[in-house]
Amino acid sequence: MDIDVAVSAEWEALRERLLHGPPWRTLMVAGPVNAGKTTLARWLAAQVNEHYRTLFLDADPGQSLVGPPTTLALSRVPIDPDRWLRLRFVGHISPEGHLLQMLSGLVRLVEAARWHRAQRLVIDLPGHMANDAGRELFFQMLDVIRPDYVVALQREDELEPVLRCFRRGRRPRIVRLPVAEAVQERDRWVRSDYRRERFRRYFAGARLRRLSVQARGLHGMVPALDNPEAVRHRLVALCDRHGFARVLGIVARCDAELAWLYFWAPPFRAREIATIQFGRFRLDPAEVGLVTRRRPPAGDVPLRTDVAEE
Ligand SMILES: Nc1ncnc2c1ncn2[C@@H]1O[C@H](COP(=O)(O)OP(=O)(O)OP(=O)(O)O)[C@@H](O)[C@H]1O
Ligand SMILES: [Mg+2]
């Protein structure tokens, strides 16, 4: 864990409660953007992991700590940002417009944490959106997961409209904490640089590959495949039969018969891919260090045979 994290007396008290208080399984850290959620969630996970087998669920598809942006990831502790146990594709860097994928991803990864025999699970939520969609997403996440604890980081009372809905229940227990003074404000440029860097790392070993679309199910925000403009540079996840993303790809094009999808992706095993999930997000391959021609070639491009061809 980074040594420059400022640990307040409130954080220490929370750690004591989590280690010596009533047993629990799931804890969510919530708060507005730039509230210190990820720092606190990561610190708590490291502390609790000294005593219990703890997993970390990065539920933020934008400023992802683990895995590429647009995904939710289940990770071991200590956290390695480039390794994960399971990955779910949301399809965008913001939950807005992808609320179902956010919720279902969260549920499936919490389920996966049980399967991985986590004794404790710490969930880092995306920055709370103070609009109807954001409030409803937060409500639904709490309602469907029913965590034992919600740690609410607030500058004022940003989360209260939703927390109020759970006042009469036994779960979640709500721990309110102020935003730490050490939190550094990061503007949109810093945030977008961070995402670009995460994508670059992810696509560092990517090549142009192809996969049969006819042999697989398509889901998510599926565009008209016969419209080159609609498919170009869309981010897709190639998912296994359990619905977890095995690999992400940046779409180049579909062939004229709509039989093959061409995309840049790191290596993967084609036979493990059951479905192709589309997101709305587009990523320029050149922006993440993949050299491309201005126009995709009309005919078949030469492909390496050690990759996902079938
Ligand atoms: N307790 C702390 N001690 C030192 N630095 C901190 C602390 N909390 C947060 N920071 C710093 O403030 C910045 C923002 O923190 P963090 O990423 O945890 O916030 P966040 O709420 O997860 O943000 P986002 O909404 O983007 O997900 C980071 O650079 C982090 O290192
Ligand atoms: Mg964060």
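Here are some exercises with worked solutions on the predicted model shown above.

Before starting, note the conventions: residues are numbered from 1 along each chain as its sequence is written, and chains are lettered from A and ligands numbered from 1 in the order in which they are written. Because the model is predicted, local features need pLDDT of at least 70 and side-chain atom pairs count only at pLDDT 80 or more, while totals for chains, interfaces and linings use all residues; side-chain values use heavy atoms, with hydrogens and water left out.

**Exercise 1. The overall build**

Task: Describe the secondary structure of the chain and explain why it counts as being as compact as a globular protein of its length.

Solution:
- Step 1. Take stock of the elements: the chain has seven helices and 13 strands. Helices (H or I, at least four residues) and strands (E, at least two) are DSSP runs, numbered from the N terminus.
- Step 2. Compare the radius of gyration with the globule rule: the chain has 20 Å, close to the 19 Å that the rule gives for 310 residues, so the chain is as compact as a globular protein of that length. The radius is taken over C-alpha atoms, and the rule is 2.2 Å times the number of residues to the power 0.38.
- Step 3. Add the extents: along its principal axes the C-alpha trace spans about 65 × 40 × 35 Å.

**Exercise 2. Surface, contacts and charge**

Task: Find what share of the residues is buried, and what the exposed area and the charges look like.

Solution:
- Step 1. Of the 310 residues, 52% count as buried. Buried means under 20% relative accessible area, exposed over 50%, and partly exposed in between (1.4 Å probe, protein chains only).
- Step 2. The exposed area is about 15,200 Å², and carbon and sulfur atoms supply 47% of it. Such areas come from the Shrake-Rupley method with a 1.4 Å probe; for residues, only the protein chains shown count as cover.
- Step 3. Turn to contacts (heavy atoms within 4.5 Å): among those between residues at least 6 apart in sequence, 70% join residues at least 24 apart.
- Step 4. The mean positions of the 49 positive and 38 negative charges are 5 Å apart. Lys and Arg count as positive and Asp and Glu as negative, with His and the chain ends not counted; the charge is placed at NZ of Lys, CZ of Arg, CG of Asp or CD of Glu.

**Exercise 3. Two domains**

Task: State where the domains lie and how many residues of each are in contact.

Solution:
- Step 1. Domain 1 covers 9-178 and domain 2 covers 203-288, with bounds from an automatic or database domain assignment.
- Step 2. Their centres, taken over C-alpha atoms, are separated by 29 Å.
- Step 3. At the meeting of the two, 18 residues of domain 1 are in contact with 15 residues of domain 2.

**Exercise 4. Backbone details**

Task: Locate two cis peptide bonds, and two residues other than glycine with positive phi.

Solution:
- Step 1. A cis bond joins Val77 and Pro78, with omega about 0°; Pro78 sits in the loop between β3 and β4 (86-89).
- Step 2. From Arg171 to Pro172 the bond is also cis, with omega near -5°, and Pro172 belongs to the loop between α5 (160-163) and β7 (173-178).
- Step 3. Thr70 has phi near 80° and lies in the loop between β2 (54-58) and β3 (71-76). Thr70 counts as buried because its relative accessibility is 0%. Beyond its neighbours within four places in sequence, its contacts include Pro61, Arg88, His92, Leu235 and Phe281.
- Step 4. Leu258 has phi of about 55° and lies in the loop between β11 (245-254) and β12 (260-265). With a relative accessible area of 30%, Leu258 is partly exposed.

**Exercise 5. Two strand residues**

Task: Decide whether Cys254 and Gln277 are buried or exposed, and list what they touch.

Solution:
- Step 1. Cys254, in strand β11, has a relative accessible area of 12%, so Cys254 is buried.
- Step 2. Not counting residues up to four places away in sequence, Cys254 touches Leu225, Val231, Trp260 and Leu261.
- Step 3. Gln277 lies in strand β13 (residues 275-282) and is buried, with a relative accessible area of 5%.
- Step 4. Leaving aside neighbours within four places in sequence, Gln277 is in contact with residues including Phe89, Gln101, His219 and Cys239.
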